[in-house]
Structure formats: C-alpha cells, structure tokens
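Here are some short exercises to work through with the sequence and the model open side by side. Try each task yourself before reading the solution below it.

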Amino acid sequence: MSLFSKNKQPSASSGRVNVFDIDYTFDRSNWLDVFSACAGRSVIVQERFAQLIVRDRDWYVDFDAQTLSFGDDAYPVQFIGSESSISNSWMWGWNNINNFSSQITSLVGEVRTLGEQWGLKALTTKQFELNDTYNAHTLSIVATGITGGTSCYYIGPHENGAAVMAVPVRDERVFAPVDITEFVQWTMAAIQSFDLDHRIFAESLLLWNGTPFERDGDKIIAYFPQQRLMLKLESADGIDRITDIKTI
C-alpha cells in the first residue's frame with residue numbers, strides 16, 4: 001500500500017499532514033492507536049518547547065488574563081485539566097469546576113467533542129484514576145495532538161498536584177521538520193518510553209514531518225533527501241512493532 005510514492009515526493013513544507021485531518025486508517029475509538037498517532041510529533045515539539053520557550057524559567061499562570069508566563073514572557077493559555085496528588089486522579093478541564101471562561105477551555109471542549117464522536121472513553125470521562133496509561137503527559141499528548149497540533153503543553157506543579165495547560169506556539173523552530181538522523185533518534189526514544197503501535201507512530205510522524213514514504217508489505221520505506229530509511233515491522237496481537245531500522 002503506497003501512501004506517498006517515491007515518484008510524487010512533496011516538499012517538507014507542502015507535504016506536512018496531521019493524520020487526524022485525512023483518511024488515514026486506524027481505530028479512533030482505541031486509545032493505543034490514537035496515542036500512537038500523536039506521540040511522535042509530541043516528543044519532538046515538547047523537547048523544543050522546553051529548550052526554546054520554557055528555558056528552566058519560573059512559571060506563573062493568570063487564568064483571568066488567560067496567560068501563562070515564563071519569566072517575563074507571557075503566552076496565551078488553554079486549560080487542559082488537573083492532576084490531584086490527594087486523590088491520585090485526573091480531571092478534564094471541560095468539567096470546569098472553576099468556572100473558567102469558555103475561551104480558556106475551548107481546546108479541551110474540542111477534545112471532549114472528538115472523544116464523543118470516536119467513542120473514546122478516556123476523553124469523555126470527567127475524572128478517573130491516574131496510572132501509567134492515563135496521566136498528565138499522555139493525556140496532554142493526545143489533547144494537543146488531535147486538536148490541530150499547534151500547541152505544546154505545560155504541567156505546572158502545586159502542593160496538591162498540578163495544573164495542566166496548553167500553549168499555542170508561534171515559534172516556527174518548535175515545529176520544524178527533522179532530518180533522518182533526528183527521526184531515528186526520536187523514534188527509538190519514543191518506542192523505548194511508551195507503549196505504542198510502531199506502524200501508526202512511524203507513519204504519523206512521517207506525515208507530520210512531510211517525508212514521503214510507502215508501505216511495502218512488512219516494511220515502511222521513507223524517502224528523506226538523498227537517503228532512504230527502511231523500518232521493518234512485525235505484527236503480534238494486532239499491534240505492529242519495529243524490529244529493524246536502517247538506511248538503504
């Protein structure tokens with residue numbers, strides 16, 4: 001199955017695609033599939049967000065002014081949800097127990113709407129227990145991924161847990177495409193850190209990166225400038241895992 005043939009290679013700028021905006025086949029009612037489709041983009045932009053925007057500076061949120069500040073720099077903010085260390089639970093911001101402005105909860109409202117459309121319970125249950133699968137990081141990866149991919153997230157700790165926020169970012173460097181070396185580095189880091197379907201992860205990241213590729217049986221062939229990358233997959237229990245990755 002060819003998704004982008006080597007004879008029709010789009011440029012990095014024209015070919016970048018969010019898998020949630022196209023007819024890309026995966027089960028959107030399945031948490032693992034949705035998370036896998038969001039994770040690649042997130043691990044890259046979150047690292048750049050930390051280096052270029054946050055920069056280890058003190059943070060301050062003003063929900064009335066709808067801003068999140070790092071040092072003297074203020075950014076517009078969206079409220080995603082909160083972690084409670086007292087009850088070890090997560091609560092989505094769309095539940096809005098703080099009576100925030102609808103403007104500051106619009107992103108998370110979209111998350112809930114998509115969850116209802118897809119039948120994805122994790123996005124439509126207002127409060128639930130935290131665990132390795134569902135926590136501030138994984139839920140924020142999905143929230144910022146499915147809503148257009150133009151926001152990063154920030155987890156602001158406090159004495160009873162953490163406030164979790166999305167920050168629309170306009171710095172193009174945060175979302176710049178990666179080269180073949182970076183792609184391999186970030187892929188290996190992600191599959192070692194998270195439980196993922198590696199095919200969905202890799203193809204979604206290649207689409208976001210604007211990198212042409214094709215699927216050839218149990219292989220994905222990605223066409224980076226001047227170099228091709230082969231990812232070999234093995235399927236078990238309906239989940240694809242990368243067993244080999246190399247230039248060809």
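A polar contact here is a pair of N or O atoms within 3.5 Å; within protein, one atom must be able to donate a hydrogen and the other to accept it. Keep in mind that this is a predicted model.

**Exercise 1. A serine in a strand**

Task: Find which side chains make polar contacts with the side chain of S89, and decide whether S89 is buried or exposed.

Solution:
- Step 1. Start with the location: S89 sits in strand β5, which covers residues 89-92.
- Step 2. Look for polar partners. The side chain of S87 makes a polar contact with that of S89 at 2.5 Å, and the side chain of Q127 makes another at 3.1 Å. Both values fall within the 3.5 Å cut-off.
- Step 3. Widen the view to contacts in general. Leaving out residues up to four places away in sequence, S89 touches S82, E83 and S84, as well as Q127, F128, E129 and L130.
- Step 4. Check accessibility. S89 has a relative accessibility of 8%, so S89 counts as buried, the cut-off being under 20%.

**Exercise 2. An arginine in a loop**

Task: Work out which backbone oxygen the side chain of R57 reaches.

Solution:
- Step 1. Place the residue: R57 belongs to the loop that joins α2 (31-54) to β1 (59-62).
- Step 2. List its contacts beyond four places in sequence, which are F70, G71, D73 and Y75.
- Step 3. Pick out the polar one: the side chain of R57 comes to 3.1 Å from the backbone oxygen of F70.

**Exercise 3. Helix α6 from end to end**

Task: Compare the expected span of α6 with the distance between its end C-alpha atoms, then find what caps its N-terminal end and how many of its residues are buried.

Solution:
- Step 1. Take the 12 residues of α6 at 1.5 Å a residue, which should give a span of 16 Å. The expected span counts one less than the number of residues.
- Step 2. Set this against the model: the end C-alpha atoms of α6 are 16 Å apart, in agreement with the expectation.
- Step 3. Inspect the start. D197 caps the N-terminal end of α6, with a side-chain oxygen 3.1 Å from the backbone nitrogen of R199.
- Step 4. Inspect what comes after: G210 follows α6 and has a positive phi, near 75 degrees.
- Step 5. Go through accessibility. The buried residues include charged ones such as R199 and E203, alongside I200, F201 and W208. With 12 of the 12 residues buried, α6 is largely enclosed by the rest of the structure.

**Exercise 4. Two pockets**

Task: Describe the linings of the largest pocket and the second largest pocket, and say which element gives the most to the second.

Solution:
- Step 1. Begin with the largest pocket, which holds about 380 Å³ of space. Its lining has 22 residues, and those nearest its centre are R16, G148, G149, F175 and W208.
- Step 2. Sort that lining by class: 10 residues are nonpolar, 7 polar and 5 charged. Both α2 and α6 contribute at least two residues.
- Step 3. Turn to the second largest pocket, with about 240 Å³ of space. Among its lining residues are S42, Q46, F49, H137 and Y153.
- Step 4. Find the contributors. α2 and β7 (151-158) each give two or more residues to the lining of the second largest pocket, and α2 gives the most, with 7.
- Step 5. Sort this lining too: 7 nonpolar, 3 polar and 1 charged.

**Exercise 5. Positive phi outside glycine**

Task: Find where Q66 and N96 lie, and what their phi values are.

Solution:
- Step 1. Q66 is in the loop between β1 and β2 (67-70), and its phi is near 60 degrees.
- Step 2. N96 is in the loop between β5 and α3 (106-118), with phi near 50 degrees.
- Step 3. Add accessibility: Q66, at 22%, is partly exposed, and N96, at 23%, is partly exposed.

**Exercise 6. A threonine in β12**

Task: Identify the contacts of T247 beyond four places in sequence.

Solution:
- Step 1. T247 lies in strand β12, residues 239-247, and is partly exposed at 43% relative accessible area.
- Step 2. Its contacts are I180, Q227, R228 and L229.
- Step 3. For a distance check, T247 and L231 are 16 residues apart in sequence, and their C-alpha atoms are 8.8 Å apart.

Definitions and conventions: Residues are numbered from 1 along each chain as its sequence is written. This is a predicted model: local features need pLDDT of at least 70, side-chain atom pairs count only at pLDDT 80 or more; totals for chains, interfaces and linings use all residues. Side-chain values use heavy atoms; hydrogens and water are left out. Helices (H or I, at least four residues) and strands (E, at least two) are DSSP runs, numbered from the N terminus. Contact means heavy atoms within 4.5 Å. On a 1 Å grid over the protein atoms alone, a cavity is a set of points where a 1.4 Å probe fits but cannot get out, and a pocket is an open set with protein on both sides within 12 Å along at least five of seven lines; lining residues have an atom within 4 Å of a point. Grid points are joined across faces, edges and corners, and a volume is the space filled by probe spheres set on the points. Buried means under 20% relative accessible area, exposed over 50%, partly exposed in between (1.4 Å probe, protein chains only).
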